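Reader: I have the sequence and the model open. Can you take me through some local features?

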Amino acid sequence: MKKLLRAAVPILLAIVLAQPVQAQRRPQPAPAAPAAQPADSMLVNLLLQPDSLVAAPLAPLDSARLVWLRTPPELRDLVGDRVGCLDTDAPHVFNGQVMSFVKLFTERQRTYTQRVLERENLYFPLFEKYLAKYNMPLDLKYLAVVESALIPTAKSRVGATGLWQFMGPTANDLHLRRDDWVDERMDPEKATEAACKHLRYLYRVFGDWEMVLAAYNWGAGNMQRVMKRTGKSTYWEVHSSLPAETRNYVPTFTAIMYTMKYAKEHQLHAPTLNYQYAQAMDTLQLGGRPFDLARLAQAIGYTDSLALLRLNPELRKPYLPAGYRNYTLLLPATARATLVATASREALFDYCRPPADLPRPLAPRLVALNGTMPLPGRRLAASSTTTTTTGPAPAAPRFERFRHTVKRGETVNSVAARYDVSPAQVRRWNKLGTSASLAGRQQLVVFRALPTVSEPAAKAPATALAAAQPAAAVRRTAAVVAAAIADDDSVPGRYVVKPGDFLEKIATANDLTVAQLKAWNQLSSYVLQPGQQLTLKPSPEAAAADAVAHLVETTREVAAAVQAPAQRVARPAAAPTAQALPPAPHLHLVQPGDTLYNISRRYQGLTVQRLRELNNLKSDAVQPGQKLVVGG
């Protein structure tokens, strides 16, 4: 027994001592769960689904890629098969961007798509008629959905207007009329035909419909510059070099085309939709009479006074003034019987006359230039021989409007001094602020006076008038001018130069020009010294001498203009002694956004092919600042 206990004691003692040691030992973690990891939710080990976004790589994803990953593979394959099976020449490439817009129009923006489907039957027949006329893919009709959602009066934040969203310069090139009363960009028929012409031109330039759509959105000149910079010629090759709106433009077009073709499969049609259809229309020629559409709607029996305005969306206002061009008004054909049975044509126009006098277009107002004296012109001088007025009639000043291209370093004051006008006038003509600076090659509008003449006071020929006028008229003019200068106290006579003064500052403060200051003070340079005294108005003697010089020059011009026809009749035409020099060619300075097509439309009889021949061009690419020969 004692031997058994001696053998068991060491074993029991070893077991007792081993238990505390085992309790203090840290358990080893499972190999599948590391002990320490960074606090990043994307690295936490979760039970992931096969198509979960958490299992995607950590590279940055765009919105189109996210939509692609969230879309069930079955739906992606179905939409891709449908887009690939579209029998059309219009762009229909399927990718993740197209899929993102398909989900937008079929799921998140279903109401928008249904509003477009309501107007589909109203405008698509018109689009298809003109697309077939110009031999273009009929599916280009969906371009109007991308541009305006089939709303004829739609207007973008940058001013593009109408179903096809034409900007003002493009509308002018396509001969769409715009004035205070009518904007033909909102006329569905005229705007659609203009859009077909523009798309046909773009296809002749690029030869690819995807590039045509991108150029329609961003401009042909911009697309040509991107192609030249990247050396690529297709849309998807230059896709990354385009702005965001143009990158999404072609995928949006493809998604709209798919959505409207498969609207039934996506349950977009509903009995509650208010579908619109074209109706038979009749016309009414106004013939320049004042007309109020609200009164005509009342005569027809419409409860909505703006119903006729919606049938004529190109009208800016619900009335037209007297004297406007012969406008053709559209009205429902069913209303003709009501109008014929109610009253005659003249009674209808009397009833539809606006209740109050409408404002008429204002006549152009001539711009008065300070410090200039209008001179007689040869046109009025020649016509004075047949004028039999008994009293002198005042002559209206005539002015020439032209553009000045700003050179580097020029300012508003220097431009004003060059054309002998005030800086305030230059700012007012060009809507410039007081602190606005000029950029190189900027175009400024400047007016300068042209010679004018008043009609003769007697029935005698102008030769007798020129011979009898100088003596008395010179003395009378000199006395009047001298008295006016002496009595004028609106401008101080002299000015003392202060430190920091210069000629432009002094001229602007006193409503003068630098040329006047230099002439009146006999200055040969622009340098001024503090304390120097300047004369701010001419002396009476100098003003009288200038007036006499102008009057003498006027008399000579009148006499020469009247005697020229008689001398041509009396003197036989002399044989030409030398060959006449060829006329100088007419040049056009290329502006940003110009293309050969736009330039050719601005000059009568000029075509794109003729432009290429005159300038030896091998492509249609032009650069801003380039000079092109447009005629001889």
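Reader: Which residues form a nonpolar patch on the surface with Ile11?

Author: This is a predicted model. The patch has about 310 Å² of accessible area in total. The residues that join Ile11 in it are Leu12 and Ile15.

Reader: Is isoleucine 15 buried, partly exposed or exposed?

Author: Isoleucine 15 sits in helix H1, residues 2-24. Its relative accessible area is 47%. Buried means under 20% and exposed means over 50%. The value of 47% lies in between, so isoleucine 15 is partly exposed.

Reader: Where around the axis of H26 do its buried residues lie?

Author: Helix H26 covers residues 608-615, and its buried residues are Val608, Leu611 and Asn615. Around the axis they take up an arc of only 55 degrees, which puts them on the same side of H26. An α-helix has 3.6 residues a turn, so residues three or four places apart point the same way. For the buried residues of H26, the answer is the same side, within an arc of 55 degrees.

Reader: What do the buried residues of H26 pack against?

Author: Two elements take part, a helix and a strand. The helix spans 596-601 and the strand spans 627-631. They are helix H25 and strand S10.

Reader: Which residue follows H26?

Author: Its phi is positive, near 55 degrees. The residue is asparagine 616.

Reader: Is asparagine 413 buried or exposed?

Author: Asparagine 413 belongs to helix H18, residues 412-418. Beyond its neighbours within four places in sequence, it contacts Pro423, Arg427, Glu504 and Thr508. Its relative accessible area is 18%. The cut-off for buried is under 20%, so asparagine 413 is buried.

Key: Residues numbered from 1 in each chain as written. Predicted model: local features only at pLDDT ≥ 70, side-chain atom pairs only at ≥ 80, totals over all residues. Heavy atoms only, no water. Patch = residues over 30% accessible without salt bridge, like charges linked within 9 Å, V, L, I, M, F, W, Y side chains within 5 Å. Areas by Shrake-Rupley, 256 points an atom, 1.4 Å probe, with all protein chains shown as cover. Salt bridge = Lys/Arg side-chain N within 4 Å of Asp/Glu carboxyl O. Helix = DSSP H or I, 4+ residues; strand = E, 2+ residues; numbered from the N terminus. Buried < 20%, exposed > 50% of the residue type's maximum accessible area, 1.4 Å probe, protein only. Arc of directions from axis to C-beta. Contact = heavy atoms within 4.5 Å.
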